[in-house]
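Thanks, everyone. Please pull up the sequence and the model, and we'll go through the fold and then the interior.

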Amino acid sequence: MARLREAGCVFLGKTTVPEFGWKGVTDSPLTGLTRNPWDKSKVSGGSSGGAAVAAALGIGRIHTGSDGGGSIRIPSAFCGVVGLKPSFGAVPQFPLVSTMSSHAPITATVHEAAISLRHAGKHDARDWLATSSNVFQSPAGGEKKPLRIGVCAAGLGPEPSEDVRLAVEEAATILAGSNGSIIPVTLPVTFDEVRQLIEIFWARDSAMDWDRTPADRRHLLDPGLAEMAQSGLRLSAIEMANADYQRAVLASSINVFLNSFDVLLMPATPFAAFDVGQDFPVEMGMTSWLDWAANLYLFNLSQSPAMSFPMWRSKAGLPIAVQIAAGKYRDALILEAAMRLELENSQ
């Protein structure tokens, strides 16, 4: 926020989030439902749902969010706007919230995202884990070099809808052009591995939120958040140490995998926005929003950059997005690829 203020941004106000940004849709006992701008009967996504809705409606140009488990990319996908979760450490944070969370803008265009990130990515000594170099400094776009594109149309978790799968395939075709190459790939991790690991970290962070809430106010919290917090309070030090080790192994595997090509294309969310008032599509037999968001939080665990980019709208008129990922600190490659897609979609 300080870097954007220095660059001359005029701040208009605050937008809605679920309590402590704890889930993938935006509603809370305090603010009620934040609805999708394309269909008010659908969710906006979360946790930065208010920011994504404002971006889609043209209320302001730069809308800040944070992404610890998909919180920028989920609402960007559901609302049809651009949301990049930077590499961890690429945008300095103070105070530091989590080693899975990154701050970045949600915008209507890739160009606006690139401009704001070049300011937000300036070094700040208060963040002792931030990189000293600005990974967004190189201008995106420019000369179009051939891209090596990994494609995983299936992603992790629920089978993607036909609209989502076709969007991933079309994005790969556009980016490959006449000189690039498309490489079908399989992710080096399974849904079960990622799902089990994220729940431990999410429960721990929810327990910290619970602990910071005054005891006489805890009964006002979102019941789902309170339930997750109780799981976190039961975690032992050994369980957390083991989870940290497992995460390190996973992160190493994912970043080595991502560095074997320029960018990876895969689904952002496996489907378009679902009915408002629920955390997950109940008809699909899920029990948590974590069941459908593994494509997103995979890259929080690995600290790799990933962007939700709007490709088109479904037959029902809802936005369909693809996810563009790359190895850690290769954020500029994602911006370059997204600019190519944006240019093609505007023609």
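Ten helices and twelve strands make up the secondary structure of this protein. Keep in mind that the model is predicted.

Overall shape next. The C-alpha trace spans about 60 × 45 × 45 Å along its principal axes. The radius of gyration is 19 Å, and a compact globule of 347 residues would have one near 20 Å, so the protein agrees with that picture. Among contacts with a separation of 6 or more, 74% join residues 24 or more positions apart.

Now the surface. About 14,900 Å² is exposed, with 55% of it supplied by carbon and sulfur atoms. On charge, there are 29 positive and 34 negative side chains. The centres of those two sets lie 6 Å apart.

What about the inside? Of the 347 residues, 56% count as buried. Nonpolar side chains tend to be buried together in soluble globular proteins. Here, the largest nonpolar core holds 52 residues. L264, W292, L298 and F299 touch the most other members. Several elements give two or more residues to this core, among them α8 (237–258), β10 (263–267) and α9 (294–302). Helix α6 gives the largest share, seven residues.

Look at F299. Its contacts beyond four places in sequence include I254, L258, L264 and M266. R73 and K85 are also on that list. A second, separate core has 49 residues, including F136, L175, L265 and L318.

One last residue: R195, in helix α6. Is R195 buried or exposed? Its relative accessible area is 11%, under the 20% cut-off, so R195 counts as buried. Further along the sequence, R195 touches S288, L290, D291 and Y297.

Methods
Residues are numbered from 1 along each chain as its sequence is written. This is a predicted model: local features need pLDDT of at least 70, side-chain atom pairs count only at pLDDT 80 or more; totals for chains, interfaces and linings use all residues. Side-chain values use heavy atoms; hydrogens and water are left out. A nonpolar core is a set of buried Ala, Val, Leu, Ile, Met, Phe, Trp, Tyr and Cys residues joined through side-chain atoms within 4.5 Å. Buried means under 20% relative accessible area, exposed over 50%, partly exposed in between (1.4 Å probe, protein chains only). Helices (H or I, at least four residues) and strands (E, at least two) are DSSP runs, numbered from the N terminus. Contact means heavy atoms within 4.5 Å. The radius of gyration is taken over C-alpha atoms; the globule rule is 2.2 Å times the number of residues to the power 0.38. Accessible areas come from the Shrake-Rupley method with a 1.4 Å probe; for residues, only the protein chains shown count as cover. Lys and Arg count as positive and Asp and Glu as negative; His and the chain ends are not counted. The place of a charge is taken as NZ of Lys, CZ of Arg, CG of Asp or CD of Glu.
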